[in-house]
Amino acid sequence: MSDRKRVLIVDDEPDILKTAIFRLKKAGYEIITAKDGKTGVELAKKEKPNLILLDVRLPLMDGYEVCQRLKSDDNFKKIPVIFLTASVANKIADKIKEFGAEDYIIKPFEPEELLDKVKKYIG
Amino acid sequence: MKILVIEDNPDHALLTKRVLEKANQGYQVNSAREAEEGLRMIIEESYDLVICDYRLPGLSALDVLKKMSEKRQDLPFVVVTSSGSEKIAVELMKEGAYDYVVKDSSYEDALPIVIQRAIDRYNVKKEKERLEKELRESNEKLKEMYEIKSSFTSMVSHELRTPLTAIKEGIAIMLDGSAGEINADQKEFLDIAKRNVDRLKRLIDDVLDFSKLESKKMVFKMQKGDIMQTIKEVVAVQKPVAEERNLYLKAELDGSISKIEFDSDRMNQVLNNLVSNAIKFTKIGGVAISVSEDREENTVVVCVKDTGKGIKKDDLPKLFQKFQQLGGPNQRKTGGTGLGLSISKEIIEQHGGKIWVESQYGKGSEFKFILPIKKRYKVLVIDDDKGVLDICETFLKNNGYIVLRSESGMEGLKAIQSNMPDLIVVDMRLNDISGYDVIDRLRSSNGTFARPILVMSGYADEIAKIENRKEELSLPWISKPFNNDEFLSKVESLLMNWA
């Protein structure tokens, strides 16, 4: 059993997934991925990752709802959630408060940003 | 044309009918002997004009007009009065009469003229209403188009950002060597790719910012703060860029600048824009940012001064327009959207400030902007009740207002003359002259008195009176007792609208 920290990435863009997986694996994290919101919630509950990177616009269930479902469940609400969004129009800073997420990253992000934020929450 | 004559005196009705026949306009005349009957006829039949006696048994002409306006009936309406009282005339016109005619020896000659005048007025009014409606509709349409445009822009921006994320990350991963060693040539070309992806990102940000600013949708997080802090941040970011080009970048900061309200992220954006422009157009020397306070104008002045080539006089007016880049289309080598300065201008203006440039070609440029230091408004409260004065004073002082108080109307008038307050809060019932008297004297003695007045009253019937006079005097009111929030929101909105 490895003691590596596990990060769940939920994003429907395969190319973005691929770059994020590469980066985080290099940094020593174990990665699990989901390409839609519903699978995201299921995987989060099954695998109990240490952190979730969550895109806002997702098929089947959007990121806000994924976050809300996890944050309203005592078993999972402690898992830090970082939103990823390409939209600067939807006042993400207010949304993370509303849905109880820990942080957000705006796409496109700077190379260090992703790792720095992940490290900030799970080391 | 169908005319209705409402007249209780049969002799007068006959006279009016005769005058109308004599006019020889082919009028079709019906008559009613009392107001109720007349009203029913107006509503049930369609008339082109009503001639109504002022004094009728039961309802008066005024009541008829009121009832008509309740039923949204608008017709050329002429009132026949026995006296030429201005007061009655004004009252009638206010209720929707189009003209009036006095029942005297000139009645026969005057009536046709008055009828024509009423019809003309009615037509002008209808035409005005039609035009206003058209204008409203086309404004609505424009607003809708604007909405579509701005939501389109933000949608496009979102769509562009997603692929850009993958490109940017792909390049970054290769560049940092984590996907394997790269050689010098590969690095050079990846650097080129990275630079241009970053440029593309900036362009998308600019376009989106601009569209948000243009539709006034940008939300400003206004906070009281020290603009010098923001300047220091910008200098820290831009200093390496300047030094790379052998230029200096320095901040000349005066230690005593008042705190002002601004959105620090947006101000950072403006300063970065000005400083990076200055660096871009400077070959020798450098850039200096200074900040000072203009105590007379109550503003903070920020200046970004460079020793670059300066701007030609002809180019100065174009500078803050959108999509403008100096040097013409063949020299777009600076790599922007040409939106930077117009975005800065919008941001500064939505902060209540102003931005401009002073430049001499060949000698460098100075970009300056001013931001307002929040004014401390002076408010005079007039009330003979010391308790009310105390409460108002507490509410106002706690919120940064300067408070003057007067315990009588005469004292208040004196205080207004000597202190020129920005806002007057006056109670209706005072122990010497009434609140109305204060206002009337103020307006008549000094035609230019245009500062806002807030009327207080604790009595329902007085409030009704204020409401009736609201139109002519434009008097906003507040009823006692009120709480802090009610009072301050009135005060603030009055001052805001006035400024």
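In this predicted model, Asp53(B) touches Ile6(B), Glu7(B), Asp8(B), Ala61(B), Val79(B), Val80(B) and Lys103(B), leaving aside residues up to four places away in sequence. Asp53(B) belongs to strand E3 of chain B, which covers residues 49-53. With a relative accessibility of 6%, Asp53(B) counts as buried, because the cut-off for that class is under 20%. One of the contacts listed above is also polar: the side chains of Asp53(B) and Lys103(B) meet at 3.2 Å.

The wider setting of this residue is chain B, whose secondary structure comes to 14 helices and 17 strands. Of its 499 residues, 42% count as buried. When contacts in chain B between residues at least 6 apart in sequence are considered, 67% of them join residues at least 24 apart.

Two helix pairs of chain B are worth a look in turn. It helps to recall that two packed helices are described by the angle between their axes and the distance between the axes. For helix H2 (residues 35-44) and helix H3 (residues 61-70) of chain B, the axes come within 10 Å and cross at roughly 30°. H2(B) is therefore roughly parallel to H3(B), since angles under 35 degrees fall in that class. Their crossing is right-handed. On the H2(B) side, the residues that meet the partner helix are Ala35(B), Leu39(B) and Ile42(B), and on the H3(B) side they are Val64(B), Lys67(B) and Met68(B).

The second pair consists of helix H10 (residues 386-398) and helix H14 (residues 484-498) of chain B, which pack at an angle of about 65° with their axes 10 Å apart. H10(B) and H14(B) are therefore roughly perpendicular to each other. H10(B) contributes Cys392(B), Phe395(B) and Leu396(B) to the contact, while H14(B) contributes Asn484(B), Phe487(B), Leu488(B) and Val491(B). The crossing of H10(B) and H14(B) is right-handed.

Turning to chain A, helix H3 (residues 63-71) has Gly63(A), Tyr64(A), Val66(A), Cys67(A), Leu70(A) and Lys71(A) as its buried residues. These residues lie on the same side of H3(A), because they cover an arc of only 160° around the axis. A general property of helices is useful here: an α-helix has 3.6 residues a turn, so residues three or four places apart point the same way. The cover over the buried residues of H3(A) includes helix H2 (37-47), strand E3 (51-55), strand E4 (81-85) and helix H4 (92-99) of chain A. At the start of H3(A), a side-chain oxygen of Asp62(A) comes within 3.2 Å of the backbone nitrogen of Tyr64(A).

The neighbouring topic is H2(A), in which Gly37(A), Gly40(A), Val41(A), Leu43(A) and Ala44(A) are buried. The buried residues of H2(A) pack against strands E1 (6-10), E2 (30-34) and E3 and against helix H3 of chain A. The N-terminal end of H2(A) is capped by Asp36(A), with a side-chain oxygen 3.0 Å from the backbone nitrogen of Lys38(A). After H2(A) comes Lys48(A), which has a positive phi near 45°.

Contacts between the two chains can be illustrated with Phe22(A), a residue of helix H1 (residues 14-26) of chain A. Phe22(A) touches Ile173(B), Ser178(B) and Ala179(B), again without counting residues up to four places away in sequence. Its relative accessibility is 29%, so Phe22(A) counts as partly exposed.

Methods. Residues are numbered from 1 along each chain as its sequence is written. Chains are lettered from A and ligands numbered from 1 in the order in which they are written. This is a predicted model: local features need pLDDT of at least 70, side-chain atom pairs count only at pLDDT 80 or more; totals for chains, interfaces and linings use all residues. Side-chain values use heavy atoms; hydrogens and water are left out. Buried means under 20% relative accessible area, exposed over 50%, partly exposed in between (1.4 Å probe, protein chains only). Helices (H or I, at least four residues) and strands (E, at least two) are DSSP runs, numbered from the N terminus. The arc is that of the directions from the helix axis to the C-beta atoms. Contact means heavy atoms within 4.5 Å. A polar contact is a pair of N or O atoms within 3.5 Å; within protein, one must be able to donate a hydrogen and the other to accept it, and residues adjacent in sequence count only if both atoms are side-chain atoms. Axes are lines fitted to C-alpha atoms, for helices over the stretch in contact, and angles run from 0 to 180 degrees between N-to-C directions. Angles under 35 degrees count as roughly parallel, over 145 as roughly antiparallel, 65 to 115 as roughly perpendicular and the rest as oblique. A crossing is left-handed if the near helix is turned anticlockwise from the far one by less than a right angle, and right-handed if clockwise.
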